[in-house]
Amino acid sequence: MKIWIDIVNAPHVRFFKSIISYLENEGEEVFITARRFGDVHRLLDLFNINYNLVGWHGVSLDEKLIRSTQRAYELSQIISREKPDVAVSKHSIELPRISYGLKIPSVYILDNEHAIAANKLTLPLCDRVILPAVIKPESVVRCGADPDYLLPYNGTSELTHLVDFQYNPHIFEDLKLDLKKEKTILMRPEPSLASYLDADCRTTVLSPIVEALEDQANILVIPRFREQQQIFEDDDQITLIKPPVDTFSLMKSCDLVIGAGGTMNRESALLGTPVISCYPGKLLSVDAYYIQKGLMKRSTNPKEIVNMAKELLSDHHKPQELFNDDLFSIIIDNIYEAANK
């Protein structure tokens with residue numbers, strides 16, 4: 001069996017890593033395409049995953065449209081030659097359109113009900129949509145998803161990220177970090193280039209939070225792209241972390257994570273590290289899930305975030321246990337079922 005997987009964002013590399021490994025060990029042929037965006041190719045190289053780079057990510061609206069159209073054209077030529085038995089993606093814009101046009105059964109993984117533009121372009125064309133049970137069906141049905149094709153599960157997509165994770169307790173030493181203070185906070189700026197967030201990539205909501213906390217703890221920042229790196233590079237009290245690195249071990253070793261995005265916050269919650277979300281967009285259902293479970297705090301008020309951070313840094317944190325479905329098995333089973341049908 002040949003499986004086509006399209007990887008379009010850096011977190012998706014970790015999402016698919018264990019799935020790709022399993023399928024290849026089962027003797028299946030996995031054909032991977034990836035988009036040039038952020039650290040996608042660096043992470044694929046880090047994990048020794050073979051892939052084909054196709055297309056780019058756009059920045060402005062007109063550039064997004066042009067580059068997505070170009071990528072769909074390039075991919076359609078490649079995939080028509082490869083003839084996969086099933087297509088799998090997580091929020092890829094192009095894969096559902098190509099798989100539908102070439103009559104290839106598709107498995108689509110979704111975790112953002114607020115990515116309206118992307119969901120309208122993809123969900124009407126998907127054969128199976130795997131999504132967290134906390135996302136209300138009507139939020140994706142109104143984007144065109146067939147309610148009979150929805151496959152909800154308990155938990156979030158980050159469950160697959162940790163399937164084969166092995167903690168490195170020496171991550172600070174390996175990265176040669178000069179940490180002078182007792183406590184360490186890891187921060188991640190917002191996804192400013194995402195179509196679902198109206199933000200300027202040359203500024204970040206983290207700036208006042210960093211300023212207020214840099215005397216309290218070591219501050220590590222993982223920027224998403226060059227513009228965000230430039231925001232912090234002149235502050236000698238901040239340590240910039242350049243991917244790709246073992247972010248899981250880094251998050252687990254830190255005393256607190258403050259994130260203006262989503263994936264890393266949810267990974268931190270699963271790893272048992274206290275986390276504060278300051279994501280400036282509308283609250284996602286998957287984040288509300290961790291907040292409800294007491295594994296994440298959220299605020300968009302800098303003063304409130306600073307107070308939360310000081311409180312969490314002074315408390316002895318005991319992580320709570322979560323009971324989730326086996327998302328890894330759900331995805332594998334659906335890949336085989338879709339291909340066989």
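Helix H12 spans residues 285-292, and its buried residues (under 20% relative accessible area, where over 50% is exposed and in between is partly exposed; 1.4 Å probe, protein chains only) include Ser285, Val286, Asp287, Tyr289 and Tyr290. This is a predicted model, in which local features need pLDDT of at least 70, side-chain atom pairs count only at pLDDT 80 or more, and totals for chains, interfaces and linings use all residues. Residues are numbered from 1 along each chain as its sequence is written, and side-chain values use heavy atoms, with hydrogens and water left out.

Helices (H or I, at least four residues) and strands (E, at least two) are DSSP runs, numbered from the N terminus. The cover over the buried residues of H12 includes strand S6 (128-132) and helix H11 (263-271). Just after H12, Gly294 has a positive phi of about 80°.

Helix H11 also contains Asn265. Asn265 counts as buried because its relative accessibility is 1%. Contact means heavy atoms within 4.5 Å. Apart from neighbours within four places in sequence, Asn265 touches Val257, Ile258, Gly259, Val275, Ile276, Ser277 and Met296.

A disulfide is a covalent bond between the sulfur atoms of two cysteines. Here the term is applied to a pair of cysteine sulfur atoms within 2.5 Å, and the structure holds 0 of them. The table gives the values for two cysteines.

| Cysteine | Relative accessible area | Closest cysteine sulfur |
|---|---|---|
| Cys126 | 3%, buried | Cys143, 12 Å |
| Cys143 | 5%, buried | Cys126, 12 Å |

Why does Cys126 form no bond with Cys143? The sulfur of Cys126 is 12 Å from that of Cys143, which is too far for a bond.
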